[in-house]
Amino acid sequence: MSDMRLVVVGAGGRMGRQLVRAVTEMPGVTVSGAIEHKGSDLLGKDAGVLAEIGELGIPLTDDPLATFVKADGVLDFTRPEATVGFAELTAQARIVHVIGTTGFEDDHLAKIEAAARHATIVKSGNMSLGVNLLAELVRSAARALDEDFDIEIMEMHHRHKVDAPSGTALLLGEVAAAGREISLKDRSVRSRDGVTGERRAGDIGFATLRGGSIVGDHTVILAGEGERIELTHRAQDRAIFARGAVKAALWVRGQKPGLYSMADVLGL
């Protein structure tokens, strides 16, 4: 089979440049296009030069559809509104769409699900292989331990992150809730301030920290009477997310249109 032709959207950003590097370093894939938003001062610049790996002959463009129809897949770590637009275009082109974007609202998710009728989409709050293994451990722990163990999720990221809690924290909350057979939407506690009263049994709490250049730290705490379990993942390099996204694209190539997760990619 020929190399999978991948388009990187948001190719001028920090994560976009990391994705370009990952595609060039991994076998079975090649960069076929690079997209930036209209008006960007990076338009026309070479994606490889921006990624500091040398010229690739792939200039950044603001015409995604023309680029998508010549590709096999799209790697997307942008913003929710942009991702929804890209999902509609990948559905038209009937290609793979790997989504690492976070911060979606319900209406965004509904549009992505609609696009998955024609596009082959892998979507995850975190593309790291380690985080997705952690998620399965959290699911198992939440299932095994009853409400006598309170679940709290703490995350910390760099000062530039714009959404909270992180997509990874929400992913961990979702799997914890699934392990308990409850709805995260009904039992999630996103903030505590002032006189809050006692903690309600069965709630899943979130704590968000921001500062410095931290790539991403996540800890799930299961706190019981006289004992505590902590499950932690610390990301030290954005390359782990990029490599995971490329592996997801390779795995989902040839699958039927639909919405897949990293758990599907890893066979979990």
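**Helix packing and nonpolar cores: two exercises**

Helix 1 (residues 14-25) packs against helix 9 (residues 239-252) at an angle of about 55°, and their axes lie 9 Å apart. The model is a predicted one, in which local features need pLDDT of at least 70, side-chain atom pairs count only at pLDDT 80 or more, and totals for chains, interfaces and linings use all residues. Residues are numbered from 1 along each chain as its sequence is written, and side-chain values use heavy atoms, with hydrogens and water left out.

**Exercise 1.** Describe how helix 1 and helix 9 cross, and which residues meet.

Step 1. The angle makes helix 1 oblique to helix 9 (angles under 35 degrees count as roughly parallel, over 145 as roughly antiparallel, 65 to 115 as roughly perpendicular and the rest as oblique).

Step 2. The crossing of the two helices is right-handed.

Step 3. From helix 1, Met15, Gln18, Leu19, Ala22 and Val23 meet Ala239, Phe241, Ala242, Arg243, Ala245 and Val246 of helix 9, where contact means heavy atoms within 4.5 Å.

Step 4. By class, this contact has nine nonpolar, one polar and one charged residues.

**Exercise 2.** Find the residues that touch the most other members of the largest nonpolar core, and the helix that gives the most to this core.

Step 1. The core has 37 residues, of which Leu19, Leu75, Val98 and Val122 touch the most other members (a nonpolar core joins buried Ala, Val, Leu, Ile, Met, Phe, Trp, Tyr and Cys residues through side-chain atoms within 4.5 Å; buried means under 20% relative accessible area, with a 1.4 Å probe and protein chains only).

Step 2. Helix 9 gives the most to this core, with seven residues.

Step 3. Leucine 19 touches Val8, Leu75, Phe77, Ala242 and Ala245, not counting residues up to four places away in sequence.

Key. Axes are lines fitted to C-alpha atoms, for helices over the stretch in contact, and angles run from 0 to 180 degrees between N-to-C directions. Helices (H or I, at least four residues) and strands (E, at least two) are DSSP runs, numbered from the N terminus. A crossing is left-handed if the near helix is turned anticlockwise from the far one by less than a right angle, and right-handed if clockwise. Ala, Val, Leu, Ile, Met, Phe, Trp, Tyr, Cys and Pro count as nonpolar, Asp, Glu, Lys and Arg as charged, and the others, Gly among them, as polar. Buried means under 20% relative accessible area, exposed over 50%, partly exposed in between (1.4 Å probe, protein chains only).
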